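Biologist: Could you take me through one part of this model up close? I'd like to hear about the surroundings of the ligand, and then a little about the other chain.

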Amino acid sequence: MNIKAHQICKTFGKRPVLDGLTLDVPSGETVVIIGPSGSGKSTFLRCLNGLQSIDSGTIQVGDHKLEASNEKRFSPFSSEIRKVQGMIFQDFNLFPHISVLGNVTEAPARVLKHNQADARNLGLELLKKVGLESHANHYPSQLSGGQKQRVAIARALAMKPKVLLCDEVTSSLDPELKHEVLDVLEKLKSEGMTLLMVTHEIGFAKKAADKVVFLAEGKVVEEGPPQQILESPENSRIRTFISKLMS
Amino acid sequence: MILQIPLMLLLALAQPPTPLIWAADEEGGAPYVYRDNKLGRVGFELDIINALAEELKRPIEFKQYAFDSLIPGLLKGDFDFAMNGLEINEERQEKIRFSKPYYIYRQQLVTRADEKRFNTLLGCKNTLGAIVGTMDGTQAERLLNQAKIPIRTYSSSTEAYSDLVSAGRIDAVFLDLPMAISYALPNKRLQFAGKPTARGFYAIGFHPKNETLAKEVDAAIDALKTNSKLRSILVKWNLWDECQEELSPGFLFEEEGRPNNITHSILEENQAWTINRYLPLLLEGTWVTIQLTLCSFALALVLGLPLSLARLYGSPWLKSLALLYVEFFRGIPVLLLLFFLYFGLPAIAESSGLNISLALSPFIAATLGLGLNYAAYEAETFRAAIQSVPQGQWEAAASLGMGKSLTFRRIIFPQAMRIALPTTTNDLVALFKDTSIASVVALVELNKQYQILAKSSLKFVELGLITALLYLALSVPLGRLARALEKKLAPERR
Ligand SMILES: Nc1ncnc2c1ncn2[C@@H]1O[C@H](COP(=O)(O)OP(=O)(O)OP(=O)(O)O)[C@@H](O)[C@H]1O
Ligand SMILES: [Mg+2]
């Protein structure tokens with residue numbers, strides 16, 4: 001399922017954070033967004049997921065559309081887009097009072113009204129997929145960061161999304177734990193999942209991305225295949241940005 | 001014609017039964033039946049009369065009669081019965097028929113607060129020139145005479161006490177405990193000397209030939225004892241003490257030789273103080289305190305949650321309404337609220353001509369007052385707890401397609417409750433101690449029970465320590481439980 005974002009504008013107060021951003025993610029591809037802090041990467045993903053309103057522009061995910069709306073009347077709970085799109089956050093946001101399995105089965109059981117046994121089977125299957133079936137009855141606080149993030153992925157997958165939005169999902173993990181999360185994402189890509197990721201894992205981007213997008217001041221500065229953007233970008237800002245990342 | 005007969009029957013039924021005439025002396029003084037400047041005729045005996053009238057389903061009319069003429073007047077047939085702190089004694093029993101007793105009186109010696117020479121009746125007797133004031137025709141007067149103590153008698157308790165405190169023409173007053181409680185207890189210039197002594201019974205006097213009425217009234221008195229109305233009247237008038245336990249139906253009076261043998265006890269100062277006697281009563285009070293705590297806290301939680309939700313998610317109108325509630329009930333003293341609920345509401349019902357009775361029972365009034373007050377605090381605790389659940393939890397749930405109310409119920413609320421738990425439990429401990437305030441609405445909980453027992457036994461220190469221990473025995477484990485719960489829930493936290 002593809003994502004089409006056209007001329008997205010978003011201001012906080014008077015400050016434009018997204019400034020006519022246009023981006024396509026073709027079905028089944030993996031697109032990586034990089035860019036300096038404060039450039040609007042998270043805001044963009046949150047707008048795509050309907051967690052935040054947009055002032056103007058259009059968003060289309062498959063057949064689902066998001067229109068511009070008034071911020072005051074906006075509710076993050078009304079979006080239909082969640083039926084096809086999952087999101088994973090930098091700080092996991094697992095539900096601390098529910099077991100690992102409960103975290104995964106909560107939405108299918110309550111929203112999709114799966115019966116208990118079905119939800120449980122689905123949950124265990126997904127936990128197996130992320131390598132955590134043995135931790136089903138643990139609580140989030142008993143897990144390492146990498147394990148938490150894998151539970152978060154399993155939780156998102158339980159709603160059978162066609163598209164996954166990942167906002168710096170490895171940034172708060174120790175280096176040796178990052179690969180266990182990235183491995184899961186690569187596996188998902190190979191199964192045909194459309195991925196839109198904000199990440200500064202250059203190695204991962206080179207290996208797995210179909211397209212890399214450089215974002216600055218709420219606009220796409222340059223986009224293209226990973227080799228082009230990461231190794232020989234036209235814009236000198238990107239070069240400095242990447243050399244800083246590598247050092 | 002056929003219709004007329006039932007109609008006349010109805011009319012006859014609608015006629016109120018002829019009222020009974022009750023005689024007493026308003027000038028005898030508080031707290032029996034007396035004139036209050038503002039309230040008019042009041043008194044614990046008037047309250048009992050009203051309760052009896054209700055029980056007998058017959059109106060009772062008051063008739064003013066000088067105290068020392070009550071018995072002649074009764075025999076003359078001027079009224080149906082006399083009730084005015086009439087002590088049962090052998091001489092009177094020969095002349096009139098006494099009802100079952102409604103109060104167990106004792107005598108209390110009262111001196112000026114600065115009295116150094118004596119603090120017992122015996123000491124008074126041995127003090128040269130000391131004169132004791134009392135009232136005409138009372139048991140106290142007889143006792144003083146028997147003990148050969150110089151006395152001066154008055155026709156009202158007010159006169160006796162004011163002569164002692166301001167005029168100083170007498171050195172002590174020896175009168176029934178109710179009078180001492182009414183006049184001497186609130187007066188800083190007077191003090192209770194020694195313990196109350198020489199117990200006896202107040203009962204209603206009937207003409208010996210009026211056995212039918214006497215039996216009816218006996219049954220009514222029994223009923224008031226059984227349904228505790230008598231007890232609440234005595235509590236209201238601060239007259240309840242552990243002696244009154246003996247009033248329970250069937251306990252006494254039928255037993256021969258027990259009550260009236262009082263002369264020998266007059267100079268006996270030491271009533272055995274045993275824990276066996278007081279502990280059951282204090283435990284009873286503790287149980288009332290526990291019930292009051294649980295009921296009012298349940299009310300506070302049940303009201304507090306919707307209030308916090310209204311504050312957070314309500315329409316602007318609802319929001320300000322909830323805020324008004326919180327500010328109002330946090331801003332007024334609980335004491336005021338309890339007084340209003342207990343004494344104010346019935347007054348409102350009466351003056352507005354409403355046909356419903358708003359006279360709440362002490363327990364209900366106390367539960368309501370404390371519950372309404374604590375609901376304001378719980379609402380704020382819940383609000384803060386709900387707000388302190390990280391925003392990311394809402395977003396994670398939303399991104400999974402969960403709706404707002406589902407998210408609240410399944411994700412936010414359970415976490416908020418864990419956050420609120422320590423504060424809420426602390427509030428519970430505070431409420432537990434605050435229940436002592438309910439004594440102002442005549443509820444005999446632990447603190448009130450202590451006051452009653454201490455006043456009658458004068459064992460303020462010993463009983464105080466036991467009472468404190470009872471409070472601690474509950475509040476300390478409660479605090480521990482809070483901490484244990486907190487720990488138990490902790491592993492699930494981040
Ligand atoms: N809810 C909000 N209200 C006001 N300002 C906001 C809000 N969310 C984000 N911003 C501002 O918008 C700008 C873009 O924020 P955003 O989080 O999208 O940046 P980012 O590219 O994700 O940065 P980083 O790499 O540090 O995560 C920042 O300056 C931020 O302060
Ligand atoms: Mg960000």
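Modeller: Here is a walk around the ligand site, followed by a short look at chain B. Keep in mind that this is a predicted model. Ligand 1 has 13 residues around it, and the closest are A:Arg15, A:Ser37, A:Lys41, A:Ser42 and A:Thr43. Some polar pairs involve the backbone: an N or O atom of A:Gly40 sits 3.0 Å from an oxygen atom of ligand 1, and a backbone N or O atom of A:Ser39 is 3.2 Å from a ligand 1 oxygen. A:Glu168 uses its side chain instead, with a polar atom 3.4 Å from an oxygen of ligand 1. On its own, ligand 1 would expose 630 Å², and the protein buries 59% of that. As for who supplies the shell, strand S2 (15–25) and helix H1 (41–48) of chain A are the elements giving two or more residues. H1(A) has the largest share, with three residues.

Over in chain B, helix H2 (residues 44–56) runs for 13 residues and spans 18 Å between its end C-alphas, close to the 18 Å expected. Of those 13 residues, 10 are buried, so H2(B) is largely enclosed by the rest of the structure. Among the buried ones are B:Phe44, B:Glu45, B:Asp47 and B:Leu56. Right after H2(B) comes B:Lys57, with a positive phi of about 55°.

For something on the surface, try B:Trp317, B:Leu318 and B:Leu321, which make a nonpolar patch of about 350 Å². B:Leu321 belongs to helix H12 (residues 316–331) of chain B, and B:Leu321 counts as partly exposed because its relative accessibility is 45%.

Terms used. Residues numbered from 1 in each chain as written. Chains lettered and ligands numbered in written order. Predicted model: local features only at pLDDT ≥ 70, side-chain atom pairs only at ≥ 80, totals over all residues. Heavy atoms only, no water. Helix = DSSP H or I, 4+ residues; strand = E, 2+ residues; numbered from the N terminus. Expected span 1.5 Å × (residues − 1). Buried < 20%, exposed > 50% of the residue type's maximum accessible area, 1.4 Å probe, protein only. Patch = residues over 30% accessible without salt bridge, like charges linked within 9 Å, V, L, I, M, F, W, Y side chains within 5 Å. Areas by Shrake-Rupley, 256 points an atom, 1.4 Å probe, with all protein chains shown as cover. Salt bridge = Lys/Arg side-chain N within 4 Å of Asp/Glu carboxyl O. Near = heavy atom within 4 Å. Polar contact = N/O pair within 3.5 Å; in protein donor to acceptor, adjacent residues only side chain to side chain.
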